[in-house]
Amino acid sequence: LPEVSSAHKEINRSLAHYSTVGFPPIIIQYLFAALKEKDKFDFLKKVRPIRGGSVELLNLLLKGDLDASLLGLIEPLNHPSIETHELFHKELYVVLSKNHPLATASSLTFQDLVDQSFILLDEHFVHLKAFQHLNNHYHHAATPFFQTDDINLLKQLLRKKIGISLLSEIAITKEDKDLIAIPMVKDERMSLYVSLVTLKENNLHPEVENFFKELLNSKR
């Protein structure tokens, strides 16, 4: 039955006049900010965008509900039905208000943070997995204070010094002048690997496929 369902989804996608693509909000905002020419956005008229965190979008892709997705990963992804093309990787930082007592630190250990109030992106995002990975080494000493899928709300709470967060550097823009991003110490540093992930039997619209090819070539 799962194979029959997958075949139906593949047929429906092949008949569509658009491609269904997953767009994590942080990643797509970062990539689109770098596009200067107006015609680079023409591919969007052939896209049905699905917004969500990378964990959520990966599950949709594996179920056959997406043709492709941009994803942020913290570990290699190996699956027989998908192809992964890495675009770039960016370090994860401790992000907090510039007025926070820890804001003057040049680097931080997770031990420095276990008694802090963590404000995190929720289970739909890999940032939570990164937090859990670090926390495992300290016997789960840190406890999330608040979780959300809204990056703007998260930043508002950080600005009010309600807590700290763990975010990729691409989540911090030039408008976030009141926030500080501090690296973890060398032994605890983690990276977010941004990749284009497609089904091996994908039916991407030619305009969408050409855009992604240009994107991959520009990041090499």
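This passage describes the internal spaces, one helix and the salt bridges of a predicted model.

A convenient place to begin is the space enclosed by the protein. Rolling a probe the size of a water molecule over the atoms shows where empty space is left. Counting cavities of 30 Å³ or more gives one, and the largest cavity holds about 80 Å³ of space. Its lining is made up of P24, I26, I27, S54, G72, F125, V126, H127, S168, I170 and L192. Two helices, α2 (25–34) and α4 (126–136), each supply at least two residues of this lining. In terms of residue class, seven of the lining residues are nonpolar and four are polar, while none is charged.

The model also has open space to consider. The largest pocket has a volume of about 270 Å³. Its lining comprises 15 residues, of which Q29, Y30, A33, T173 and E175 are the closest to the pocket centre. Helix α2 appears here as well: both α2 and α5 (151–159) supply at least two residues each to the pocket lining, and α2 gives the most, with five residues. By class, the pocket lining divides into eight nonpolar, three polar and four charged residues. Charged residues are thus part of the pocket lining, whereas the lining of the largest cavity has none.

Helix α3 spans residues 54–62, and its buried residues are S54, V55, L57, L58, L60 and L61. One of these buried residues, S54, also lines the largest cavity. Just after α3, the backbone at G64 takes a positive phi of about 85 degrees.

Attention now turns to charged side chains. Side chains of opposite charge can pair when their charged atoms come close. The model contains five salt bridges. In one of them, the side chains of K40 and E214 meet with an N to O distance of 3.0 Å. K40 sits in the loop between α2 and β2 (47–51) and E214 in helix α6 (residues 206–218), so this pair ties together parts of the chain that are 174 residues apart in sequence. Both partners count as partly exposed: K40 has a relative accessibility of 29%, and E214 has a relative accessibility of 43%.

R159 takes part in two further contacts of this kind, one with D176 and one with D178. In the salt bridge to D176, the closest N and O atoms are 2.7 Å apart. Because R159 lies in helix α5 and D176 in the loop between β7 (165–168) and β8 (179–183), the pair ties together parts that are 17 residues apart in sequence. The two ends of this bridge are set in contrasting surroundings: R159 is partly exposed, with a relative accessible area of 31%, whereas D176 is buried at 5%.

For the salt bridge between R159 and D178, the closest N and O atoms are 3.0 Å apart. This pair also links distant parts of the chain, with R159 in helix α5 and D178 in the loop between β7 and β8, 19 residues away. D178 is partly exposed, and its relative accessible area is 27%. These contacts belong to a wider arrangement, as K155, R159, D176 and D178 are linked in a network of salt bridges. Helix α5, which holds R159, is also one of the helices that supply at least two residues to the lining of the largest pocket.

Conventions:
Residues are numbered from 1 along each chain as its sequence is written. This is a predicted model: local features need pLDDT of at least 70, side-chain atom pairs count only at pLDDT 80 or more; totals for chains, interfaces and linings use all residues. Side-chain values use heavy atoms; hydrogens and water are left out. On a 1 Å grid over the protein atoms alone, a cavity is a set of points where a 1.4 Å probe fits but cannot get out, and a pocket is an open set with protein on both sides within 12 Å along at least five of seven lines; lining residues have an atom within 4 Å of a point. Grid points are joined across faces, edges and corners, and a volume is the space filled by probe spheres set on the points. Helices (H or I, at least four residues) and strands (E, at least two) are DSSP runs, numbered from the N terminus. Ala, Val, Leu, Ile, Met, Phe, Trp, Tyr, Cys and Pro count as nonpolar, Asp, Glu, Lys and Arg as charged, and the others, Gly among them, as polar. Buried means under 20% relative accessible area, exposed over 50%, partly exposed in between (1.4 Å probe, protein chains only). A salt bridge is a side-chain nitrogen of Lys or Arg within 4 Å of a carboxyl oxygen of Asp or Glu.
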